[in-house]
Amino acid sequence: MEINRFEFPLRDLFIKIFEENIYLVGGTIRDYLLYGDIGQNRDIDLVVTGHTYEEIEKKLKPYGKTNTVGKSFAVVKFSRDGQTFDISVPRKDRKRDEGSHSHKNFIIDYGPHISLEEDLKRRDFSCNSIALRLVDGLVVDPFDGIGAIGEKRISMTGPGNFFDDPLRILRGGRFASVHGFTVDEEIYLNSKQVKLDELSWERICDELLRMILESPRPSVGLMEFFRLSVLEKLFPELYALSLTIQDALFHPEKDEYGHHTVWIHTLIAVDIARRLARDYELNDEETLALVLATLLHDLGKAVTTRWEFKRGRMTITSMFHDSKGVTMAEELLERLKIETRNHFPLKEVILTMIKYHHRVFDLYRNRENSGFKAISRLVRDMKGREFLLILLDFSDRQSREPNPLDFQGLDEISNWLLKKKEELKIDNETIQPLIMGRDLIKLGISPGKKMGEHLAKLYDLQLDGAFSTREEGIALFQQSLPHPG
């Protein structure tokens, strides 16, 4: 098979330098065969045969900048015109210790004595084990990767060494979610025995976050994590949700076998949240906050769910699961080492959303009494990110509908709160404290604990609507001071 004229930046330059010895490899070919292009910002991976590492670097140097930071992995980084390419020598990997599954537990052998086929064999999935010779478009596909792509199937390139790096199990779940592939049953059966405790949480987190951002339906990958035993081994808090039932009257959503579990509710809600993130053009950090908060919002149900006689029948309840869930989610986020991302307080926002995930509906349920005071406090507590909470609330409720992903925009409850905020002119700017410490200093109040108490009380009064200007607030404060004599 040949693919004629596969275009990408500097293609002709690489052919000029290495002639028939340079090949495009990996996911770039997969994406081209799947989607007809390689997508924007796609990493371009190249392999050069018949050359030593030093020869490759020497040939590249006259044409751009070379970096040998990846030499231990047989990779030369080549930069020119603002783009960087990974250009490698064919390599083979051999485990140092057969009992260890660490990604550092490898002896790497590379050089011109390693064939292209041997290099492809070490890769994870057959769909990623394809090479394309640049000079003439010849496809090298010794493991039928093209067949797997055509069938949209994730199969192991080499069953004997597939589990040497257990991260491939998580990657399989991500690929299934992102590309709509099915996972070979052989991978399911073998993954049960693979230990994941040597994986670094940074690598685990990277796979999870990439899946959320790249997949149109993260629930597909999360369900693969469930089938691949990833959930049970790495995320027992989420695994417990698969064993926690919900009241079928309040939560009619169920899996294909009729199980009304918190896990199924969560998966549906996650897909709704991901779609809302696209519909409302959230940035990556907001998307992660919304989807992760949705994924974790009901963690507390696993430890709070009880049977209770209520409304004339035995009912399943989960009292205080929101507050209990905050503690559980914090522990999970700490394992994943999630704190901030691009200066966005990701962990803080997720935990706040979980804590208040009932609040939007509570305001609507008591809408006759939900005025400036209540809504101002919501905006304050969410630090101006209440729209994310509205989206979480909608995802949570919409998951109970017969066709949960069949919706156009937000519903009456969400729009009521948005309209009420607008009517009352409430946003993060309008509820900033009007009275500051410097104002109280002018009135003879010294800095310290007492001043802090005064400012907190004044801010509460402001949110209650007791005053709306700085002057009114100062006058009200002066009236509260004890009169001399």
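**A helix pair and an open sheet**

Helix α15 crosses α16 with right-handed geometry. This is a predicted model. Here α15 spans residues 321-335 and α16 spans residues 346-355. Their axes lie 8 Å apart, and the packing angle is about 160°. Angles over 145 degrees count as roughly antiparallel. The two helices, α15 and α16, are therefore roughly antiparallel to each other.

Which residues make the contact? From α15 come D322, G325, V326, A329, E330, L333 and E334. From α16 come K347, I350, L351, I354 and K355. By class, the contact of α15 with α16 has six nonpolar, five charged and one polar residue. An α-helix has 3.6 residues a turn, so residues three or four places apart point the same way.

Now turn to the sheet. It is open, with seven strands and mixed pairing. The strand order is β3-β4-β5-β2-β1-β8-β9. At the edges stand β3 (65-67) and β9 (139-140). Each has a single partner strand, so one side of each is left without a neighbour in the sheet. For β9, two antiparallel bridges join it to β8, residues 131-133. In one of these pairings, A131 has V140 of β9 as its bridge partner.

Two helices lie across strands of this sheet. Helix α1, residues 11-18, lies across β1, β2, β4 and β5. It runs at about 130° to β4. Helix α2, residues 27-35, lies across β1, β2 and β8, at about 65° to β1.

Which residues of α2 are buried? They are G27, T28, I29, R30 and D31. Their cover includes β1, β2, β8, α5 and α6. Just after α2, G36 takes a positive phi of about 85°.

How values were computed: Residues numbered from 1 in each chain as written. Predicted model: local features only at pLDDT ≥ 70, side-chain atom pairs only at ≥ 80, totals over all residues. Heavy atoms only, no water. Pairing = 2+ DSSP bridges. Helix = DSSP H or I, 4+ residues; strand = E, 2+ residues; numbered from the N terminus. Contact = heavy atoms within 4.5 Å. Axes fitted to C-alpha atoms, helices over the stretch in contact; angles between N-to-C directions. Buried < 20%, exposed > 50% of the residue type's maximum accessible area, 1.4 Å probe, protein only. Parallel < 35°, antiparallel > 145°, perpendicular 65-115°, else oblique. Left-handed = near helix turned anticlockwise from the far one by under 90°. Nonpolar A, V, L, I, M, F, W, Y, C, P; charged D, E, K, R; others polar.
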